Amino acid sequence: MGTMRLFTGIVFCSLVMGVSSEGWYSFFKEAVQGAGDLCKAYWNLIASNHQNSNRYFYARGNYDAAQRGPGGVWAAKVISRFRHYLQGFINYYVSGNSNSALEDLQSNQKAEEWGRSGKDPDHFRSDGMHKKY
């Protein structure tokens, strides 16, 4: 219960800090659209079924969300952090926190930051990936 309150407080504070003079409506709209961009990238990752393409899709989703504006950047950060913590938790209990799992997690995090910074996500595109993505 206390952890949930702490998490809710952190999310609320980061939300308040992320809102600029553009207004709440615009920020929330960008955040929802940015979350949609991340979901789309995740579903494309699954649909592509292409080996070693996860970094591209993480970068793509964060890039697309960041293009929405401050709300999209905020949504991308929150969702990426949540995924990072959840994956770290799962890796710890499933694979015993192996070095390869930790390296993969850090590599994915760098790809997410790359995309959020506005850099081209095609940097992480795997050879032979369908042009549809």
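Helices here are DSSP runs of H or I with at least four residues, numbered from the N terminus. The model is predicted.

**Exercise 1. Find the residue that follows helix α2, and describe its backbone and exposure.**

Step 1. Helix α2 covers residues 24–48. Asn-49 comes after α2.

Step 2. Check the backbone. Phi of Asn-49 is positive, near 50°, and the residue is not a glycine. In general, most residues other than glycine have a negative phi.

Step 3. Place the residue. Asn-49 sits in the loop between α2 and α3.

Step 4. Judge the exposure. The cut-off for exposed is over 50% relative accessible area. Asn-49 has 70%, so it is exposed.

**Exercise 2. Describe Asn-52 in the same steps.**

Step 1. Asn-52 has a positive phi of about 60°, though it is not a glycine.

Step 2. Its place is the loop between α2 and α3.

Step 3. The relative accessibility of Asn-52 is 60%, so this residue counts as exposed.

**Exercise 3. Compare the span of α2 with the expected span, then list its buried residues.**

Step 1. Helix α2 has 25 residues. From first C-alpha to last, α2 reaches 36 Å.

Step 2. At 1.5 Å a residue, the expected span is 36 Å, and the helix comes close to that.

Step 3. Buried means under 20% relative accessible area. In α2 the buried residues are Phe-27, Glu-30, Ala-31, Gly-34, Asp-37, Leu-38, Ala-41, Leu-45 and Ser-48.

Step 4. Look at the spacing of that list. An α-helix has 3.6 residues a turn, so residues three or four places apart point the same way.

**Exercise 4. Name the members of the largest nonpolar core and the helix that gives the largest share.**

Step 1. The core has nine residues: Leu-45, Tyr-56, Phe-57, Tyr-58, Ala-59, Ala-111, Phe-124, Met-129 and Tyr-133.

Step 2. Helix α3, residues 54–66, gives the largest share, with four residues.

Step 3. Take one member, Tyr-58. Beyond its neighbours within four places in sequence, Tyr-58 contacts Leu-45, Arg-83, Asn-108 and Glu-112.

**Exercise 5. Characterise the second largest pocket by volume, lining and class.**

Step 1. The volume of the second largest pocket is about 240 Å³.

Step 2. Its lining has 15 residues, and Leu-38, Cys-39, Tyr-42, Ile-79 and Arg-83 are the closest to the centre.

Step 3. The elements giving two or more residues to this lining are α2, α3 and α4 (70–94). Helix α2 gives the most, seven residues.

Step 4. Sort the lining by class: ten nonpolar, three polar and two charged residues.

Definitions and conventions:
Residues numbered from 1 in each chain as written. Predicted model: local features only at pLDDT ≥ 70, side-chain atom pairs only at ≥ 80, totals over all residues. Heavy atoms only, no water. Core = buried A, V, L, I, M, F, W, Y, C linked by side-chain atoms within 4.5 Å. Buried < 20%, exposed > 50% of the residue type's maximum accessible area, 1.4 Å probe, protein only. Contact = heavy atoms within 4.5 Å. Expected span 1.5 Å × (residues − 1). 1 Å grid on protein atoms, 1.4 Å probe; cavity = no way out; pocket = protein on both sides within 12 Å on 5 of 7 lines; lining within 4 Å. Points joined across faces, edges and corners; volume = space filled by probe spheres on them. Nonpolar A, V, L, I, M, F, W, Y, C, P; charged D, E, K, R; others polar.
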